Amino acid sequence: MLGDIINPYHLQIISFILINIILGISIYITLSSGQLSLGNAGFMGIGAYTSALLTINFDLPIFLGIILGAVVAGVFGILIGIPALRLSGVYLAIATLGFGEVIRVIFVNWESITQGSIGLSGIPHLGRELFKTFKLTGFDPDMLGLKNNQFIYLLVVLILLLVNILLVWFFIRQNKSRVGRAFAAIKMDEKAAESMGINITYYKVLSFTQGAILAGFAGALYAHVMAYISPADFAYHRAIDILIFSIFGGSELIWGAIFGATFMTILPEALRFISDYRYMIYGVILIAMMAFRPQGIIDVSLLKWFKKKLKLKRGGSLGIGTKKYN
Amino acid sequence: MRNSFKKVYLLISVLMVVMLAACSEDETNATSEKSGGPVSAKIGVISYMTGPGAAYGEAITNGFNLALDEINEKGDVKIELIIEDSAGKQDQALTVAQKLMSSDDIVALLGPTLSTEMNVVGPEADINGIPIMGTSTTAAGIPQIGEYVFRNSIPESLAIPAALEKAVNKYGAKKVAILYGNDDLFTQSGFDTMKAEAENMGLEILTIETFQKGQSDYNAQLTKIKDLQPDLILASALYNEGAVIMDQARKMGIDLPFVGGNGFNSPQVIEIAGEASEGLIVATPWFGEKDDPKVQDFVKKYETEYGHKPDQFAAQAYDALYIMAEGLKNAGVADRDALRDALAEIKDLDGILGKFSFDEDGDVIMEPTVLIIKDGAFQQFE
């Protein structure tokens, strides 16, 4: 039954995909107002360490820990954002990359609290803690025909999925709102946007902070899914990985970040059968991508073409006019 | 225009389908036969085979494969290894561990390579009740993760005190200086042991200096150490940084012996630092020149098979598979829980590293060999 279909291996991959999607969106949001920030690995680390330390040392519930992790990352986002956003383009990228490294070095050196490069182990695990509460209420996964670990990972995936749906929904709404339009205007031309009466400092800090909050949120989730974090997890490799999610998938649309994160997470796993060569293929795909489709896989025109296709098909088979679907 | 989109879209969808299909390819393989005869079992291996640390993973898998052929030839147990790559990343190690654990006919896991990976994989294996044994995880606290977690690699807490004690006795050292890399789990954990042990032995610690991975200039730290005139320098470093440190120290006129941890123990040190490496003292489970037919036999076989001398990672992996085989033989069935109990019972097993036993946590009990670099080669230190 259900127990035969659900494989913890697949659930594990899906949960990483879902976390990476949040990271992908976090950089998409800053990119959508024309800022290239590479500090998201640092914000992710802040979120992860905040939540992990709070739940370990003060027995805070995980949900509260994760929210506080995101909030603290957001506060740092505002503090860093206000001075850093005087810079733009490559200069901003380098400044934020530097910020990320500073954060990592602080984790390494603040040994009394973060245990340095040994890392924090024994972080309460999202699924296992929930499982305990379920057990207390007398629920047994056997009732669904599931083993304990299947149930634990199913819970994790379901929670992450819910969070993802809410986030995507929120940001699609935002894109169509005054805020999203302001972001787009700033991205196109800062001066023109300012002359139209858009408070660019406010909106730039807003998008930067939203990115920081999301990255911190994803970091906190990561900590509670891995149950172990170390400063090396939040080095600049991570920042680059996150950037690739959005650039590969297409940075114009939120779907690009989602697709990029999904594809880039599945790819190394799917290429397992060629073992030693898999990262070579990964590299080749990235190069080919940048050469043939520098705007990313999914862009506005592809989405339009896809919608039109869909419309034509449905319109044709059901005999309904195309207007309804606009 | 439209055509090209079509093609791109088609390409993407085909790629995605292929990938999804590849994701779930396995698990159709035959299950282990249980009808009499020798126990046959599958063991999953998680190894670091792509990325900057791929050399470790390669040595480890070579060690496994060599032992595998011998064990299967002997015929007491039949083992099949399923080797997966973790790329040295925790998340990949965890995913691949899930993959291996979810297949019911895999009775045990070997690896992962790094202690950071083990910190993530260990608890998961323990919850799922599958024995897991690290062959290269030396950080403190690994076997204490749970009762299904073992290791056969000598932890720093065993190796460093042994080397330190011999060095202090020989040179009558009273004052030491410590130098360590603080951004790496391995060297950090080695430093913690060094400091504790030095305090324990009543040595005066003159200074503690730090450096970072990939640093190339150590003159600031070394000048300070030189001015303080210690009797001995304790360096918790990996061999690539460690060799450079020794080179610069000798150039500066520091002729003191160095005591290093497990990561400092590599023939590469002699290659990189040349004469400057003279006087490095390390404790190691593995000494390839040992006068033991078993060891010489292994070295010879390894060299003909892979074209170079085995290092300690290969040797530890080789012994680890023998420990697993012994456990399987004693358990009598290919069952995860039975294997765990049988592993915990293992005592004084003769391997190429020496006599091996597990303590009650699943950690190593073994006498390490202390070596010193002299006349351009590692020699036993008396």
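How many helices and strands does the secondary structure of chain A come to? Let's start there and work across to its partner. Keep in mind that this is a predicted model.

## Chain A

The answer is 15 helices and 2 strands. With a radius of gyration of 21 Å, chain A sits close to the 20 Å that the globule rule gives for 326 residues, so it is as compact as a globular protein of that length. If you lay its C-alpha trace along the principal axes, you get a span of about 55 × 55 × 45 Å.

Here's one link inside this chain to look for. A:Glu190 and A:Lys204 make a salt bridge, and their closest N and O atoms are 3.2 Å apart. The first partner, A:Glu190, belongs to helix H10 (residues 190-195) and A:Lys204 to helix H11 (residues 200-226), so the pair ties together parts that are 14 residues apart in sequence.

## Chain B

Now for the other chain. Chain B has 12 helices and 15 strands. A compact globule of 382 residues would have a radius of gyration near 21 Å, and the 23 Å of chain B agrees with that. Its C-alpha atoms fill a box of roughly 65 × 65 × 40 Å along the principal axes.

Two spots in the backbone are worth a look. Between B:Gly111 and B:Pro112 the peptide bond is cis, with omega near -10 degrees. You'll find B:Pro112 in the loop that runs between strand S3 (106-110) and H4 of chain B. The other spot is B:Ala87, which has a positive phi, near 55 degrees, although it is a residue other than glycine. B:Ala87 lies in the loop between S2 and H3 of chain B.

## Where the chains meet

So how big is the contact? The size of an interface is often given as the accessible area lost when the parts come together. For chain B and chain A, the buried area is about 4100 Å², and carbon and sulfur atoms give 62% of it. Chain B puts 45 residues into the contact and chain A puts in 43.

Side chains of opposite charge can pair when their charged atoms come close. Across this interface there are 2 salt bridges, while the count over all chains is 20. One to find on screen joins B:Glu124 to A:Arg128, with the closest N and O atoms 2.4 Å apart. The interface also has 15 residue pairs in polar contact, both residues being at pLDDT 80 or more.

Which parts of chain B touch chain A? The elements giving two or more residues to that side are helix H1 (2-23), strand S2 (77-85), helix H3 (90-101), helix H4 (115-128) and helix H6 (185-200). H1(B) gives the most, with 11 residues. Sort the residues on this side of chain B by type and you get 18 nonpolar, 14 polar and 13 charged.

## How far to trust the picture

The mean pLDDT of chain A is 88, and 95% of its residues reach 70 or more. For chain B the mean pLDDT is 85, with 90% of its residues at 70 or more.

Each chain has a stretch to handle with care. In chain A, pLDDT stays under 50 over residues 319-326, and the model has 7 contacts beyond four places in sequence for them. In chain B, pLDDT stays under 50 over residues 24-35, for which there are 12 such contacts. Where pLDDT is low, the predicted coordinates should not be read in detail.

Note on methods: Residues numbered from 1 in each chain as written. Chains lettered and ligands numbered in written order. Heavy atoms only, no water. Contact = heavy atoms within 4.5 Å. Buried area = accessible area lost by both parts, 1.4 Å probe. Salt bridge = Lys/Arg side-chain N within 4 Å of Asp/Glu carboxyl O. Polar contact = N/O pair within 3.5 Å; in protein donor to acceptor, adjacent residues only side chain to side chain. Helix = DSSP H or I, 4+ residues; strand = E, 2+ residues; numbered from the N terminus. Nonpolar A, V, L, I, M, F, W, Y, C, P; charged D, E, K, R; others polar. pLDDT = per-residue confidence, 0-100. Rg over C-alpha atoms; globule rule 2.2 N^0.38 Å.
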